[in-house]
Amino acid sequence: MGDAGPLTPDPLLHEAGAAEDGQVEADAAPPLREVKVLVTGFGPFKSFLINPSWLIASALPDELYPSQSTVSPHKAPDYKIKLLVYPSAIRVSYSTVSTTVPTLIATHSPDFILHIGMAGGRDCYSLETRGHRDHYRIKDVDDCDGFTWGESRWRSEGIPEVLYVGWDEVDVLARWEDGVQMGLRERGFLGTGEREKALSETGKRENEAETPATRAVPLIPVGRASIPMNLMWGTSNMPVSSTKADEHRRKAMVKLSCDAGRFLCEYALFESLSRRWLEGQRRKEGDDDVARGDRQAADHQQADSTSSSASPEVDVSPSSGSGSFRSDSDLAPERVGKVAFLHVPGWTGVEDINRGVMVAEEAIRALVGSWEDGYRRNGIGAKVVPQAYTKQHSEDAGRVASTWRA
């Protein structure tokens with residue numbers, strides 16, 4: 001017929017071709033390996049009815065894709081970061097932390113652990129680098145100190161007095177700073193001058209981008225007055241001024257810290273560090289037992305072969321048929337020290353939380369990326385300069401941290 005259209009392709013041939021195409025694509029792009037990061041945030045405490053650490057943690061995405069490797073810049077990373085965010089704020093209680101954190105570690109078996117907490121005395125974001133076992137005397141929301149649930153138990157378990165993180169502080173800080181600066185420019189958190197510079201680099205005109213820093217903020221009527229919507233979660237826990245602190249706030253200053261404050265923040269950090277340390281010790285002791293067993297078996301084999309030359313030869317070498325699967329026990333030595341604590345300032349405005357989310361994302365990328373590239377604490381590299389550490393106490397504004405030196 002003259003009005004007939006084109007012939008319909010054979011559906012069987014079409015499906016076969018699609019399957020072949022899919023097979024080629026699957027072979028060319030294998031699935032990315034997942035690096036699991038457990039994330040927690042804290043709830044209200046003392047006079048802080050709103051804890052920005054939980055607002056930031058709860059706003060994190062489910063997945064992050066890593067920054068380019070510094071070791072192999074021309075090779076795409078073969079992994080992605082899966083965030084396992086605990087779905088509720090952790091109660092600021094020693095007993096809650098000591099029961100919840102070990103359960104989460106055992107349940108999810110994360111590759112990395114990141115706790116986020118608020119540092120009311122700081123105007124910068126800081127990654128803690130060590131935790132202490134003793135002297136948690138500040139009372140929690142249940143009016144208890146940390147001796148029974150923490151110090152007493154940790155001593156009985158043989159935990160050292162101080163535990164350090166395992167990641168390379170120099171490399172992580174450098175990556176974190178670079179990531180935050182890029183995030184500030186790309187997401188428009190900087191002021192007009194930096195924003196114009198960033199826009200000129202990308203070829204955009206001034207009126208082509210609206211940013212959180214320049215967007216008009218709606219007002220909410222409250223009684224006779226009106227307040228900006230960016231304070232809808234309450235008054236900020238940190239005073240806002242045009243001083244150096246305000247400059248740190250705008251530029252999202254990031255630092256390292258040696259003093260997490262001997263309260264629930266450092267307590268949570270030490271709890272996770274101690275669990276990973278114990279797992280590593282138990283695996284090490286297990287390996288020693290296996291080695292002793294192998295030596296005994298070898299001695300028995302030698303004795304048997306001497307007494308009877310007709311005895312069959314016994315293979316005492318470790319089994320090679322275990323496959324590629326690695327149990328939590330196998331991974332335990334590699335996970336020692338893969339713990340971090342991010343202290344965030346007490347700012348609770350919408351823009352502050354958005355900025356905090358970006359800072360947390362870049363901290364996670366820096367931690368995981370540095371580890372994946374082979375960097376470790378006390379490895380090859382420059383020594384951390386004292387200026388990289390904050391001297392501000394985590395709890396009391398204006399107070400100098402007691403052990404701020406590297």
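Which ring does the charged end of R376 sit over, and at what distance from its centre? Here are some notes on this predicted model, starting with that point.

1. **A charge over a ring.** The ring is that of W371, and the charged end of R376 lies 3.7 Å from its centre. W371 itself is a buried residue, with a relative accessibility of 10%. A second case to look at is K46, which lies over the face of F263 at 5.2 Å from the ring centre.

2. **W371 and F112.** W371 also has an aromatic partner. Its ring centre is 6.0 Å from that of F112, and the two planes make an angle of 85°, so the pair is edge-to-face. This pair joins distant parts of the chain: F112 belongs to strand β4 (residues 112-118) and W371 to helix α10, with their positions 259 residues apart in sequence. F112 is buried, at 3% relative accessible area.

3. **The other aromatics.** In total there are eleven aromatic pairs. In one of them, F45 and F48, the ring centres are 5.3 Å apart and the planes meet at 55°; that angle makes the pair tilted. F45 is buried at 7% relative accessibility, and F48 is buried too, at 16%. Both are members of one aromatic cluster, together with Y94, Y136, W154, F263, Y267 and F270. You will recognise F263 as the ring that K46 lies over.

4. **The nonpolar cores.** In soluble globular proteins, nonpolar side chains tend to be buried together. Here the largest nonpolar core holds 48 residues, and V37, I116, Y125, W167, W176, L342 and I364 are the ones with the most contacts inside it. Helix α10 (residues 350-372) is the top contributor, giving eleven residues. Apart from this core there is another, of 30 residues, including L84, V101, A268 and L269.

5. **I116 in detail.** What surrounds I116, once neighbours within four places in sequence are set aside? Its contacts are V39, T40, G41, F42, S53, I56, A57, L60, F341, L342, V344 and A360. L342 is also listed among the core residues with the most contacts.

6. **The sheet.** Seven strands form an open sheet with mixed pairing, in the order β2-β3-β1-β4-β11-β5-β10. β2 (63-64) and β10 are the edge strands; each has a single partner strand, so one side of each has no neighbour in the sheet. For β10 that partner is β5 (residues 125-128), and the two run in the parallel sense over four bridges.

7. **K255 on the edge strand.** K255 is placed in β10 (residues 254-257), where it is the bridge partner of S126. Leaving out residues up to four places away in sequence, K255 touches C124, Y125, S126, L127, L173, W176, Q387, A388, Y389 and T390. Two of these, Y125 and W176, are named among the best-connected residues of the largest core, those with the most contacts inside it. The C-alpha atoms of K255 and Y389 are 5.5 Å apart, although 134 residues separate the two along the chain.

8. **Long-range salt bridges.** Side chains of opposite charge can pair when their charged atoms come close. The whole structure has 26 salt bridges. In one, R275 and E157 meet at 2.7 Å, N to O. R275 is in helix α8 (residues 264-307) and E157 in the loop between α4 (147-156) and β7 (162-164), 118 residues apart. R275 counts as buried at 13% relative accessibility, whereas E157 is partly exposed at 27%. In another, the closest N and O atoms of D373 and R175 are 2.8 Å apart. D373 is in the segment after α10 and R175 in helix α5 (residues 169-187), so this bridge ties together parts 198 residues apart in sequence. Both of its residues, D373 and R175, are buried.

9. **A local bridge and a network.** Where does a salt bridge stay within one helix? D352 and R355 are three residues apart in helix α10, so about one helical turn separates them. Their side chains meet at 3.0 Å, N to O, and both D352 and R355 are buried. Elsewhere, R133, D134, R137, E151 and R155 are linked in a network of salt bridges.

Key
Residues numbered from 1 in each chain as written. Predicted model: local features only at pLDDT ≥ 70, side-chain atom pairs only at ≥ 80, totals over all residues. Heavy atoms only, no water. Core = buried A, V, L, I, M, F, W, Y, C linked by side-chain atoms within 4.5 Å. Buried < 20%, exposed > 50% of the residue type's maximum accessible area, 1.4 Å probe, protein only. Contact = heavy atoms within 4.5 Å. Salt bridge = Lys/Arg side-chain N within 4 Å of Asp/Glu carboxyl O. Phe/Tyr/Trp six-rings, centres within 6.5 Å; stacked < 30°, edge-to-face > 60°. Lys NZ or Arg CZ within 6 Å of the ring centre and 35° of its normal. Pairing = 2+ DSSP bridges.
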